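Please open the model in your viewer and keep the selection tool at hand, since this tour moves from one selection to the next and says what is there.

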Amino acid sequence: MRERDESMKWTTAKIKALKGERKIAMTTAHDAPTAAMAAAAGIPAILVGDSLGMTVLGYETTLPVTMEEMLHHAAAVARGAGDALTIADMPFMSYQPSVETGLRNAGRFVKEAGADAVKIEGGALRAELIEALTRNGIPVLGHVGLTPQSVKETGGYKVQGRTSEQARKLMDDAMAVEQAGAFALVLECVPAGLGAKVTQALSIPVIGIGAGAGCDGQVLVISDLLGLTVGPAPKFVKRYATLRETAERALSAYREDVESGAFPAPEQEY
Ligand code: KIV
């Protein structure tokens, strides 16, 4: 068996050290082959986002996603991720009830799924939990701005931090996450100017999604970037492929071949 070169493994310390050195490309993944593709493309950190509730599991929001579902997908990603860092998203109500609940569930991602870190939505409100997790050896990726688990309270997926009061609150939340010990922060759906300001104010990497080019890095949901999702994508998405159309064309060709008798041909027979 080939020995694994541990020095090649991405760690949270290595990700932190990229700030100001080079931009950080992150993507989501939900299974081993997708994680392996991302790792082969040189992507240093893979997020097992709870957006998989919509992109894979067919839910309308991220709210119904359970710990068991996330553990199942996080374990698959960790198995396929190679040297990339695997970050598991903590689903709705897996950490909100108490710090102890958050600690216990975050621990399951590390112990049972083999994740390297967890992601938690929320700013100052989550500082105590972020501190407790990092003190106990579980690295945390923060997430402020648009936080999809709060969709019922915010009333929709809207750009955040548009007023100066909202922008100040968002900056305070970002600072609180850094002070609590997070190794990086996801900043979702804020005006580009605010994205750049938060990035300059923080000493940890700020990974934007719809937060402009001034961030230290970017994250996109893999189904969006590969063109697997149906319907119009949010403004911040850039599609790098149209895999859904490619797959539908391939499946139609296969069906036609089966119906016409063109498949299997002699070369596919024993
Ligand atoms: O769940 C997810 O995929 C996320 C990203 C959008 C950052 O939280």
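The stops below begin at the ligand and end at a loop residue.

Before you start, bear in mind that the structure is a predicted model. Select the ligand and bring it to the centre of the view: the space that the ligand takes up is the largest pocket.

Next, show the residues around the ligand, which are T28, L47, G49, D50, S51, D89, K119, H143, V186, I209 and V221. If you colour this shell by class, you will find four nonpolar, four polar and three charged residues.

Now display the side chains of D50, D89 and K119, one after another, together with the oxygen atoms of the ligand. Beginning with D50, a polar atom of its side chain lies 3.1 Å from a ligand oxygen. Moving on to D89, an N or O atom of its side chain is 3.2 Å from an oxygen atom of the ligand, and for K119 the distance from a side-chain N or O atom to a ligand oxygen is 3.1 Å. With a surface switched on for the protein, consider how much of the ligand is covered: of the 260 Å² of accessible area that the ligand has on its own, the protein covers 95%.

For the last stop, leave the ligand and select Q96, which is found in the loop that runs between strand 3 (85-89) and helix 5 (99-111). Is Q96 buried or exposed? Q96 counts as buried because its relative accessibility is 18%, and the cut-off for buried is under 20%. Finally, add Q149 to the selection, and you can follow a polar contact of 3.0 Å between the side chains of Q96 and Q149.

Terms used
Residues are numbered from 1 along each chain as its sequence is written. This is a predicted model: local features need pLDDT of at least 70, side-chain atom pairs count only at pLDDT 80 or more; totals for chains, interfaces and linings use all residues. Side-chain values use heavy atoms; hydrogens and water are left out. A residue is near a molecule or strand if one of its heavy atoms lies within 4 Å of it. A polar contact is a pair of N or O atoms within 3.5 Å; within protein, one must be able to donate a hydrogen and the other to accept it, and residues adjacent in sequence count only if both atoms are side-chain atoms. Accessible areas come from the Shrake-Rupley method with a 1.4 Å probe; for residues, only the protein chains shown count as cover. On a 1 Å grid over the protein atoms alone, a cavity is a set of points where a 1.4 Å probe fits but cannot get out, and a pocket is an open set with protein on both sides within 12 Å along at least five of seven lines; lining residues have an atom within 4 Å of a point. A molecule sits in a cavity or pocket if more than half of its atoms lie within 2 Å of its grid points. Ala, Val, Leu, Ile, Met, Phe, Trp, Tyr, Cys and Pro count as nonpolar, Asp, Glu, Lys and Arg as charged, and the others, Gly among them, as polar. Helices (H or I, at least four residues) and strands (E, at least two) are DSSP runs, numbered from the N terminus. Buried means under 20% relative accessible area, exposed over 50%, partly exposed in between (1.4 Å probe, protein chains only).
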